[in-house]
Amino acid sequence: MRSLLKFSTVLLALAGGIVALAADKAAPASPVWEHRLVDFSDADYRYAVEQLLQDFETATGKKLVPGAKKKVGLKIYADSGPGLATPFGLVRGVIAALEKRGFASENIFLVGLNPLRLRLTGYLPSFSSGKVPFPGHPVYVLESGKFYDPTWFYDSPLPSRFDPISNDRAVEAAAAGKANTTTEEDRKSFLATPLFLDADFWINLPVYTDHPVLGINGALVNATLWNASNTFRFFKSPATAPAAVAEMAAIPELREGWVLNLVSLQLYQFIGGPYFNSLYTESEKKIWMSADPVMLDTLMFEKLNAARKRTGFEPISEDDARMLDFAQQLKVGSMDTAHVVWHHSGQP
């Protein structure tokens, strides 16, 4: 039996809505790479991603090549629905770079959460055409219940009775098909194991929106609440959701293979998220890359607020984005954007 994935650093007191954290020193910031795009074409993405990964390998000495497992995972985002998902061009660029480094096509897999949203955003083939956007590459749909292991879970005092009915089915599937799950089972969020058990490493490909409970929906959330079962309960609890994200992101087994975060700024949403609304989106011809999800989220938090102020909306308060501070205190990354080290990949 594997050990319970639970952290005591963050103490949740639901009755009083209090979240107390140990006063740990923040982790040092990882560099952030930026590559400017030309036209968002597949060729543009392919060139940009290859330059970024080459620069990362040179700077860190880490080679993104097959290891003992000979597999690599890509955590995509499709949970805002049609119009706002990880761009296909970015995914194709990452796949091309990994194949160049020796990964077989069938050993580069994509991980997404919801089957309907994956289908509506084109990651799963439409029923009418049957066309597959990434032929030869498996797409693991987490809510199918096939990719959770009942011995790997995050435990939280917030029970699943606060969940939507649809999420209860994922809990049941992860609990080995037991129809009558106990209150103890209801407290568990089962983790998607392909990324940290089946792969040599994995790459996070988030999309950014604001979020009414977490403040910002991006790298941290894509790797945690969009990457496990029984997590919609947290979206209804401003007192516990930020701590849950931080704690899950700090799980050593999850972080061990979480090598990079790559985000395209082709489209991001500054208000009304996480549901897509084209009226409140911005676009920049840039890709950002970092091993530090907290830094990327903090940089994008500043961008979202700049867009909100420019268009006459109230900024997201720091209190509404406590998740970032919690994750920093758990040494997942750094919020110190004033001292971020920028690398401009492929540019003079």
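Me: In which loop is Pro 274 found?
Reply: This is a predicted model. In it, the strands on either side of Pro 274 are E13 (268–269) and E14 (281–282). Pro 274 is therefore placed in the loop between strand E13 and strand E14.

Me: What is the peptide bond from Gly 273 to Pro 274, cis or trans?
Reply: Most peptide bonds are trans. For the bond from Gly 273 to Pro 274, omega is near 5°. That bond is cis.

Me: What is the strand order of the open sheet of 8 strands?
Reply: Pairing in this open sheet is mixed. Its edge strands, each pairing on one side only, are E6 (139–141) and E16 (342–344). Between neighbouring strands the turn is 25° on average, direction ignored. The order is E6-E5-E4-E9-E12-E15-E3-E16.

Me: In which sense do strand E4 and strand E5 pair, and over how many bridges?
Reply: Strands of a sheet pair through backbone hydrogen bonds, either parallel or antiparallel. E4 covers residues 72–75, and Leu 74 stands opposite Leu 110 in E5. Lys 75 has Val 111 of E5 as its bridge partner. The two strands pair in the parallel sense over 4 bridges.

Me: Which residues of E5 point one way, and which the other way?
Reply: In a regular strand the side chains alternate between the two faces of the sheet. E5 (residues 108–112) is mostly covered, with 5 of its 5 residues buried. Ile 108, Leu 110 and Gly 112 point one way, and the other way point Phe 109 and Val 111.

Me: Which residues of E4 point one way, and which the other way?
Reply: The residues named here are all buried, whichever way they point from E4. Val 72 and Leu 74 take one side, and the other way point Gly 73 and Lys 75.

Me: Why does Val 141 count as buried?
Reply: Val 141 lies in strand E6. Its C-alpha is 6.4 Å from that of Asn 114, although 27 residues separate the two in sequence. Val 141 counts as buried because the cut-off is under 20% and its relative accessibility is 11%.

Me: Which residue in E12 is the bridge partner of Trp 202?
Reply: Strand E9 (residues 201–204) and strand E12 (residues 258–264) pair in the parallel sense. The pairing runs over 3 bridges. In E12 the partner of Trp 202 is Trp 258.

Me: Is Asn 261 buried or exposed?
Reply: Asn 261 is found in strand E12. Beyond its sequence neighbours up to four places away, Asn 261 touches several residues, including Asn 204, Trp 288, Asp 292 and Leu 296. With a relative accessibility of 0%, Asn 261 counts as buried.

Me: Which side chain does a polar contact of 2.9 Å join to that of Asn 261?
Reply: Asn 261 lies in E12. The polar contact is between side chains. The partner of Asn 261 in this contact is Trp 258.

Me: At about what angle does helix H11 run to E15?
Reply: H11 (residues 293–310) lies across strands E3 (32–36), E12, E15 (286–290) and E16. Relative to E15, H11 runs at about 145°.

Me: How many of the 8 residues of helix H12 are buried?
Reply: H12 (residues 322–329) is mostly covered. Among the buried residues are Met 323, Leu 324 and Phe 326. The count is 6 of 8.

Me: At what angle do H9 and H12 pack, and how far apart are their axes?
Reply: Two packed helices are described by the angle between their axes and the distance between the axes. H9 passes H12 in a right-handed crossing. Pro 242, Ala 243, Val 245 and Ala 246 of H9 meet Arg 322, Met 323, Phe 326 and Ala 327 of H12, and these contact residues divide into 7 nonpolar, no polar and 1 charged. The angle is about 35°, and the axes are 8 Å apart.

Me: Which residue just after H12 takes a positive phi of about 65°?
Reply: Most residues other than glycine have a negative phi. Just after H12, a positive value is taken by Lys 331.

Me: What is the phi of Phe 40?
Reply: Phe 40 lies in the loop between E3 and helix H1 (42–60). Its phi is positive, although the residue is other than glycine. The value is near 65°.

Me: Where is the place of Lys 70?
Reply: Lys 70 is not a glycine, yet it has a positive phi of about 60°. Its place is in the loop between H1 and E4.

Conventions:
Residues are numbered from 1 along each chain as its sequence is written. This is a predicted model: local features need pLDDT of at least 70, side-chain atom pairs count only at pLDDT 80 or more; totals for chains, interfaces and linings use all residues. Side-chain values use heavy atoms; hydrogens and water are left out. Two strands pair if DSSP finds at least two bridges between them. Axes are lines fitted to C-alpha atoms, for helices over the stretch in contact, and angles run from 0 to 180 degrees between N-to-C directions. Contact means heavy atoms within 4.5 Å. Buried means under 20% relative accessible area, exposed over 50%, partly exposed in between (1.4 Å probe, protein chains only). A crossing is left-handed if the near helix is turned anticlockwise from the far one by less than a right angle, and right-handed if clockwise. Ala, Val, Leu, Ile, Met, Phe, Trp, Tyr, Cys and Pro count as nonpolar, Asp, Glu, Lys and Arg as charged, and the others, Gly among them, as polar. A polar contact is a pair of N or O atoms within 3.5 Å; within protein, one must be able to donate a hydrogen and the other to accept it, and residues adjacent in sequence count only if both atoms are side-chain atoms.
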